[in-house]
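Thanks for coming, everyone. Please bring up the model on your screens. I will walk you through it in a few minutes.

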Amino acid sequence: MADKRDYYEVLGVAKTATADEIKSAYRKLAMKYHPDRNPGDKAAEEKFKEAAEAYDVLHDPEKRQRYDQFGHQAFDGGAGGGYGAGGMSMDDIFSMFGDLFGGRGGGGGFGGFEDFFGGGSRSRRGADPNAPVRGDDMTFRLDVDFDEALFGSTRTIDITLPEQCDACRGTGAENGSKRTTCKTCGGRGVVIGGSGFFQVRQTCPTCGGEGSVIEKPCRKCRGTGHVTKKREISLKIPAGIDNGSRLRLAGKGGGGLRGGENGDLYVHIGVRESDIFDRDGLDLGVDIPVSPVLAALGGTVDVPTPQGTAQLTLPAGTPNCKVFRLRGKGVPSLRGGSAGDLHARIVFEVPANLDRKQRAALEEFQKMSTPKNFPEAQSLANKTRIFFAHRDKLRQGD
């Protein structure tokens, strides 16, 4: 992590940059260092990858928030998916360009970043129109209570996803029909206009960017190869999961085409706040209201923890806002390590609804009290006298 540059520095934007400013900065760098413009230049390729990695984090609000809070450590190991060397493939990088240039193979305009630059390695040229195609990765947001995130649970989620059409087996073609290479674009999915470096590649009007056409479309899926179905998916929520975490369910995403494997389903977890605890990583915090009398005399108080109620012994003279740490009483570790700690903060509660005897007792205590019983108040009074004396001395010098 020590050698990795700050993502804002990589893109050349301020930490307060808007989403549009981040996108614009990334687009300029991507165009400058794209491999097609710098063939054989390893340095340019590394800058291209570095910019893509920075954009992947900063354009996503959740990732950006985690990065702003924890830096590169937010994505270290299993915390958020590996980045850096080997973390992003060129396929991962190119898959982001639809956000910048209008997506691949859809609705006219540029067919994708690789089409804009003439990226022959990723074009459809020569592709088998009947080859299997992997399904799309899908996302789903699930909000859970704090307790559920703390202790874990098993949930069943209802979701509607595209599945391979069983009538045509994902080919999009009626029985006896098949896909053939599009004659208009020669299977590339785009038609080329202009000349020179900035060739305009537009989505093929005949095949809609697919690179192939169907002789007779399937009546059930209307040639798409997909039908939508409702699914019930069982999801195990591990104990200790935090807000903003992402769970991957392999093969539970969109259905493939022509026998291709399903994509993955990514479940983004939102955790509601607790009525009792505050959370910081694996540590928990809780406020414990106590009587000032108990704090003065010393005694025991009950402290709620995830494992049950624990007794905490207060020494005589415990001050307000004193924090006691209960080791191992925090959040369980997702990686199987030690649980976090619980930090119990003592908060004085002023007595309310006093009866006559209680009030009389407090008034008697007040009469019997001396400054030495309240050393902090006495210290403030002494410091205040010194402050005013210094002030008066300075005024006499004017």
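I will start with the whole chain, then go to the helices, then to some loop residues.

First, a caution: this is a predicted model. Every value I quote is computed from it.

Now the overview. The protein has eleven helices and 15 strands. It runs to 398 residues, and 35% of them count as buried. What about the surface? About 24,000 Å² is exposed. Carbon and sulfur atoms supply 49% of that area.

How do the contacts spread along the sequence? Take contacts between residues at least 6 apart in sequence. Of those, 64% join residues at least 24 apart.

On to the helices. When two helices pack, we describe them by the angle between their axes and the distance between the axes. Keep both numbers in mind for the next two pairs.

Find helix α2, residues 19–33, and helix α3, residues 42–58. Their axes come within 9 Å. They cross at roughly 160°. Parallel or antiparallel? With an angle over 145 degrees counting as roughly antiparallel, α2 is roughly antiparallel to α3. The crossing is left-handed.

Who makes the contact? From α2, we have Ile22, Lys23, Tyr26, Leu29, Ala30 and Tyr33. From α3, we have Ala44, Lys47, Phe48, Ala51, Ala52, Tyr55 and Leu58. Look at the spacing of those numbers. An α-helix has 3.6 residues a turn, so residues three or four places apart point the same way.

Let me pick out Lys23, which lies in helix α2. Lys23 is partly exposed, with a relative accessible area of 29%. How far is Lys23 from Leu58 in space? C-alpha to C-alpha, the two are 9.2 Å apart. In sequence they are 35 residues apart.

Next, slide to the loop between α2 and α3. Pro35 is found there. Buried or exposed? Neither: at 23% relative accessibility, Pro35 counts as partly exposed. The buried class needs a value under 20%. Pro35 and Glu46 are eleven residues apart along the chain. Their C-alpha atoms are separated by 9.7 Å.

Now the second pair. α3 also packs against helix α4, residues 61–70. Here the axes are 6 Å apart, and the angle is about 100°. So α3 and α4 are roughly perpendicular to each other. In α3, the residues involved are Asp56, Val57 and Leu58. They meet Lys63, Arg64 and Tyr67 in α4. Notice that Leu58 has come up before: it is also in the list of contacts with α2.

One more helix, further along. Go to α11, residues 375–396. It has 22 residues. From first C-alpha to last it reaches 32 Å. That is close to the 32 Å expected at 1.5 Å a residue. How many of its residues are buried? The number is zero, so α11 lies largely in the open.

Now the loops. Start with the one between β2 and β3. Two residues there deserve a look.

One is Ser177. Ser177 is buried, at a relative accessible area of 16%. What does Ser177 touch? Leaving aside neighbours within four places in sequence, Ser177 is in contact with Ile214, Glu215 and Lys216.

The other is Arg169. Arg169 counts as exposed, at 64% relative accessibility. Its backbone is worth a check. Most residues other than glycine have a negative phi. Phi of Arg169 is near 60°, a positive value.

Where does a positive phi turn up again? Asn353 has one, near 55°, and it is a residue other than glycine. Asn353 is found in the loop between β15, residues 342–348, and α10, residues 356–368. Asn353 counts as exposed, at 79% relative accessibility.

Last stop: Gly152. It sits in the loop between α8, residues 146–151, and β2. Gly152 is partly exposed, with a relative accessible area of 23%. Which residues does Gly152 touch, not counting those up to four places away? Asp147, Ile237, Pro238 and Ala239. The C-alpha atoms of Gly152 and Lys236 are separated by 7.6 Å. Along the chain, those two are 84 residues apart.

To recap the helices: α2 is roughly antiparallel to α3, α3 and α4 are roughly perpendicular, and α11 has zero buried residues. Thank you.

Methods. Residues numbered from 1 in each chain as written. Predicted model: local features only at pLDDT ≥ 70, side-chain atom pairs only at ≥ 80, totals over all residues. Heavy atoms only, no water. Helix = DSSP H or I, 4+ residues; strand = E, 2+ residues; numbered from the N terminus. Expected span 1.5 Å × (residues − 1). Buried < 20%, exposed > 50% of the residue type's maximum accessible area, 1.4 Å probe, protein only. Contact = heavy atoms within 4.5 Å. Areas by Shrake-Rupley, 256 points an atom, 1.4 Å probe, with all protein chains shown as cover. Axes fitted to C-alpha atoms, helices over the stretch in contact; angles between N-to-C directions. Parallel < 35°, antiparallel > 145°, perpendicular 65-115°, else oblique. Left-handed = near helix turned anticlockwise from the far one by under 90°.
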